[in-house]
Amino acid sequence: MSDRELYCDTCEGVRPFEVPPCADGHGADCPELLCTGCGAAVLIATFAFQPTRLADRRRRPSADRHAA
């Protein structure tokens, strides 16, 4: 089991968290952590994603308008 110190909302302070025995085979890399003080569980997001691009909001000149 590995230990890390994180903020626990239930304990309202920084507490050591440990990885419980993982039935999914993650081992020490398991995304689930348990507070050693109160037993509250947290899930660490272990994925990355590409944010979608926002539509181009710049005004484009109309095709039927021409500069003099």
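Start by selecting Asp29, which counts as exposed because its relative accessibility is 65%, in what is a predicted model. Asp29 sits in the loop that links β2 (13-18) to β3 (32-35). If you add Val19 to the selection, you will find that Asp29 and Val19 are 10 residues apart in sequence, while their C-alpha atoms are 8.2 Å apart in space.

Now colour the whole chain by secondary structure, where you should find 0 helices and 4 strands, following one another as β-β-β-β from the N terminus on. Of the 68 residues in the protein, 13% are buried.

Next, select β3 and look at where its side chains point. In a regular strand, side chains alternate between the two faces of the sheet. Along β3, Leu33 and Cys35 point to one face and are buried, whereas Glu32 and Leu34 point to the other face and are not buried.

Keep β3 in view and add the strands beside it. β2 pairs with β3 in the antiparallel sense over 2 bridges, and Phe17 has Cys35 as its bridge partner in β3. β4 (residues 41-43) also runs antiparallel to β3, to which it is joined by 3 bridges, and here Leu34 has Ala41 as its bridge partner in β4. Together β3 and β4 form a hairpin with 5 residues between them, and in its turn you can select Gly39, which has a positive phi of about 90°.

Then select Cys35 on its own. Is Cys35 buried or exposed? Cys35 counts as buried, because its relative accessibility is 3%. Leaving aside residues up to four places away in sequence, Cys35 touches Cys8, Cys11, Arg15, Pro16, Phe17 and Ala40. Cys35 also belongs to the largest nonpolar core, whose 6 residues are Cys8, Phe17, Val19, Cys30, Leu33 and Cys35.

With several cysteines now on screen, how many disulfides does the structure hold? The structure holds 0 disulfides. A disulfide is a covalent bond between the sulfur atoms of two cysteines. The cysteine sulfur closest to that of Cys35 belongs to Cys8 and lies 3.8 Å away, so the two are too far apart for a bond; the cut-off used here is 2.5 Å. Cys38 is likewise in no disulfide, with its nearest cysteine sulfur, that of Cys11, 3.6 Å away. Cys38 counts as partly exposed, because its relative accessibility is 37%.

Finally, show the surface of the whole protein, which exposes about 6,200 Å², with carbon and sulfur atoms supplying 51% of that area.

Technical notes:
Residues numbered from 1 in each chain as written. Predicted model: local features only at pLDDT ≥ 70, side-chain atom pairs only at ≥ 80, totals over all residues. Heavy atoms only, no water. Buried < 20%, exposed > 50% of the residue type's maximum accessible area, 1.4 Å probe, protein only. Core = buried A, V, L, I, M, F, W, Y, C linked by side-chain atoms within 4.5 Å. Contact = heavy atoms within 4.5 Å. Areas by Shrake-Rupley, 256 points an atom, 1.4 Å probe, with all protein chains shown as cover. Pairing = 2+ DSSP bridges.
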